[in-house]
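Let's walk through this one as a quick Q and A. Have a look at the model first.

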Amino acid sequence: MKTDILGVGIDDLTLAEAVAAGTALSESEGFHYAVTPNPEFILAAKKDEAFRRILNAADLALADGVGVVYAAKILGRPLKGRVPGIDFAQGLLSRMAHTGASLFLLGAKPGVAEQAAENLRKAHPGLLICGTHDGYFQEDAPVVEEIKAAKADVLFTCLGAPKQEHWMVQYGPETGVKLAVGLGGSLDVFAG
Ligand code: UDP
């Protein structure tokens with residue numbers, strides 16, 4: 001059962017629980033996706049029904065920001081705490097380095113995903129990054145094919161909101177990944 005925060009359902013999980021749930025999804029048959037709503041997402045979703053539907057249909061929706069946690073408290077539906085997208089990503093990376101799941105990094109300006117991959121491989125020995133692509137492509141089909149050919153299990157989708165959420169829902173199933181996660185500016189952080 002998700003906790004309703006102004007029309008957007010949020011999973012009431014600690015970071016450790018969220019990482020365990022994300023890892024389980026990445027090992028389950030079929031396509032799944034995770035979103036990391038912050039207050040800006042929730043405001044945008046109030047006016048944008050398509051975005052709201054996508055957020056509410058996610059397999060995992062994490063409270064990415066203290067604003068969501070405060071809103072939950074004020075509404076009388078307190079959450080266990082915030083689960084920043086970047087921390088969730090780090091937790092998944094640690095698990096993937098052990099499980100051998102393969103990761104594709106999609107998004108950010110040209111060169112950023114490659115740099116992020118290099119840094120993440122160093123930080124997480126054993127992590128299998130099977131491909132990268134920048135987030136400023138014109139055609140979607142070749143990108144979908146590239147992710148599919150790389151046999152990625154997990155896709156970090158870092159195109160900014162709401163673009164990345166629309167992209168995950170529209171193209172995610174075709175990529176063959178088991179889990180896509182919308183992670184905004186995370187690749188810039190990992191490349192930093
Ligand atoms: N981005 C992209 N393609 C686009 C627009 C944005 O890859 O068409 C990238 C941008 O380079 C940045 C990220 O998406 O790396 C968005 O970061 P931002 O911090 O603005 O997003 P948020 O985390 O707030 O959703």
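Q: Which residues come nearest to the ligand?
A: Quick housekeeping: this is a predicted model, where local features need pLDDT of at least 70, side-chain atom pairs count only at pLDDT 80 or more, and totals for chains, interfaces and linings use all residues. Residues are numbered from 1 along each chain as its sequence is written. A residue counts as near if its C-beta atom, placed from the backbone, lies within 6 Å of the molecule. Of the 14 residues around the ligand, the nearest are Ala 108, Gly 135, Gly 160, Gly 184 and Gly 185.

Q: Is Ala 108 buried or exposed?
A: Ala 108 sits in the loop between S5 and H6, and its phi is near 70 degrees, a positive value for a non-glycine. The cut-offs are 20 or more other C-beta atoms within 10 Å for buried, 12 or fewer for exposed and in between for partly exposed, with C-beta atoms placed from the backbone. Ala 108 has 27, so it is buried.

Q: Which strands stand at the edges of the sheet?
A: Strands (E, at least two residues) and helices (H or I, at least four) are DSSP runs numbered from the N terminus, and two strands pair if DSSP finds at least two bridges between them. The open, parallel sheet runs S4-S3-S8-S7-S5-S6. Each edge strand has a single partner, so one side lacks a neighbour in the sheet; they are S4 (60–61) and S6 (128–133).

Q: Which residues does the cis peptide bond join?
A: Look in the loop between strand S7 (154–158) and helix H8 (163–175), where Pro 162 is found. Omega is about 0 degrees for the bond joining Ala 161 and Pro 162.
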